[in-house]
Amino acid sequence: MNRTRLLTVAPLFLALMGVAHVANAAQPCAALAKFTLPEHRVVIRAAKEMTEPAHCRIDGVIDERTGRDGKPYGIGFALALPANWNGRFLFQGGGGLNGSVQPPLGAMYAGETSALARGFAVASTDSGHQGTGFDASFFRDQQASLNFLYQAVAEVTVVAKAMIRAHYGKAQQHAYFVGCSTGGREAMMMSQRFPNYFDGIVAAAPAARTSFSNLGLRYATTALNAIAPRDAEGKLQTRAAFSDADRKRLIDGLLEACDGLDGNKDGLIFAPQKCKFDPGTLALTAAQVTAIRAVMQGPRASNGRQVYPGYYYDTGIATTQGLPGILAGPIIPEGPPAGLTFDVDAAAAEAMDARAMVGDSSAWTNLSTFRQHGGKLVFVHGVSDPWFSALETVRYYELLGRDNPEASLTDWSRLFLVPGMGHCGGGARTVDQFDMLGAIVEWVEAGRAPNRVIATGKSLPGESRPLCPYPAHAHFDGEGDSRDAASYECSE
């Protein structure tokens, strides 16, 4: 049994996450308005001094052009250059289908203090097109598609690093990437296609195999439609497949079976891989039990092949708040709605389209160059995520270990599963607040691997738990305060 006790935060860690050095700008912010780079057509739209924290905010566009159907395209980006630069660069991953430039703050999985406030230079991008929500019209344009799938992040990285050199008179000492969902897929693509661009990468709930995850959502919805009532107009009410009482019965039964596996019945299942829950033991109809089993098992082809992973049994699978759980009428972000029948074989063949293959991050596991230059890769996934199964990230992580046998996987990559957490965050009861940015900086720069990361959550005021690297899980040792992470060890 592998056990890791809570370590006292070392002064070295505080130095790493504080201001490594204060850099005076080699040139004023306004001078960057005239920035050029021979390899790219860079147009700076604005270069402004900002406050709280003090930084130079750059907004620009790379390689503007007119694309298919006469639509204008270009890779929009923003770059924040802090006055108290600590010598580090962070790329902030995107989300959904991107389409807009988000404020470059680097707040995701950074605990209570954003990367920018810590002194990181931070970049963000729209990935090469303008749009809202899940507007996929840009895929008609070849270059816009390629930019979204992987090229835009790489190009903005090159430009941002050049601007850092121009502004501070020196290059960054270390480069990091943190992203979730689409940003998690982007993070994986950087480790796979541009292995020397980043020293540390955090890929959370990566949108890997999106055509297949959407297939999984349709499969689940079809199973729920089979037991769903219809409204007065004959429309299926998928989210009514289970009543409130049914959902409570389901989660209560799940907690009774699996909550204590981590040594503490606290409404959090820290050992989902050990959970052997049978919904057939509950007072549900046979049809409901059949639907639950089908959804949680995931879609399989007629020959028995698992087309997309199923889901862990976790406390958020039946939630109706926010993004509905996988058993509560999941939202399908792209494509047509699900009906009453589903041909897994045909859907799997359709999912193998060109767009999916070009931007897929789930199959490439040769990260030898990334590993050899000292790169560290951390995965994070909410166990209750309905959009992308945590089991898909577990599958990829285990393949990494198989396909990179020269070194122990845990020497350069780790996976953290977050109980109760939905897609990228949130959950009725979860610990979704943690500083994974600090953890990977300490790993890259001090060689101290994250054996545990302390997590809290708004749903658990005054409490904390350790997130443990897979396959270990937090286990209450029976001594001390069960509300305090110090009372837990990481064990397998």
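**Exercise 1. Is Glu-489 buried or exposed in this predicted model, going by its relative accessibility?**

Solution. Start with the number: Glu-489 has a relative accessibility of 6%. The cut-off for buried is under 20%. Glu-489 therefore counts as buried.

Next, place the residue in the fold. Glu-489 sits in strand β14, which covers residues 488-491. For a sense of scale, take Leu-79, which lies 410 residues away from Glu-489 along the chain. The C-alpha atoms of these two residues are 40 Å apart.

**Exercise 2. Work out how α3 and α4 are packed, and which residues make the contact.**

Solution. Two packed helices are described by the angle between their axes and the distance between the axes. So let's get both. Helix α3 spans residues 142-168 and helix α4 spans 182-193. Their axes come within 10 Å and cross at roughly 65 degrees. Angles of 65 to 115 degrees count as roughly perpendicular, so that is the label for α3 relative to α4. As for handedness, the α3 and α4 crossing is right-handed.

Now look at who touches whom. On the α3 side you'll find Phe-148, Leu-149, Tyr-150, Val-153 and Ala-154. Facing them from α4 are Thr-182, Arg-185, Glu-186, Met-189, Met-190 and Arg-193. Sort the residues of this contact by class and you get seven nonpolar, one polar and three charged.

**Exercise 3. Do the same for α5 and α7: find the angle, the axis distance and the classes of the contact residues.**

Solution. Helix α5 runs over residues 210-225, and helix α7 over 286-297. The angle comes out at about 180 degrees, and the axes are 9 Å apart. Anything over 145 degrees counts as roughly antiparallel, so α5 is roughly antiparallel to α7.

From α5, the contact uses Tyr-219, Ala-220, Ala-223 and Leu-224. From α7 come Ala-291, Ala-294 and Val-295. Tally the α5 and α7 contact by class: seven nonpolar, no polar and no charged residues.

**Exercise 4. Trace the sheet that holds β10, β11 and β12, and say which strands are at its edges.**

Solution. Strands of a sheet pair through backbone hydrogen bonds, either parallel or antiparallel. Here the sheet is open, has three strands in the order β10-β11-β12, and pairs in the antiparallel sense. The edge strands are β10 (433-434) and β12 (465-467), since each pairs on one side only.

Zoom in on one pair. β10 and β11 (residues 453-456) are joined over two bridges, antiparallel. Within that pair, Gln-433 stands opposite Thr-456 of β11.

Technical notes
Residues are numbered from 1 along each chain as its sequence is written. This is a predicted model: local features need pLDDT of at least 70, side-chain atom pairs count only at pLDDT 80 or more; totals for chains, interfaces and linings use all residues. Side-chain values use heavy atoms; hydrogens and water are left out. Axes are lines fitted to C-alpha atoms, for helices over the stretch in contact, and angles run from 0 to 180 degrees between N-to-C directions. Helices (H or I, at least four residues) and strands (E, at least two) are DSSP runs, numbered from the N terminus. Angles under 35 degrees count as roughly parallel, over 145 as roughly antiparallel, 65 to 115 as roughly perpendicular and the rest as oblique. A crossing is left-handed if the near helix is turned anticlockwise from the far one by less than a right angle, and right-handed if clockwise. Contact means heavy atoms within 4.5 Å. Ala, Val, Leu, Ile, Met, Phe, Trp, Tyr, Cys and Pro count as nonpolar, Asp, Glu, Lys and Arg as charged, and the others, Gly among them, as polar. Buried means under 20% relative accessible area, exposed over 50%, partly exposed in between (1.4 Å probe, protein chains only). Two strands pair if DSSP finds at least two bridges between them.
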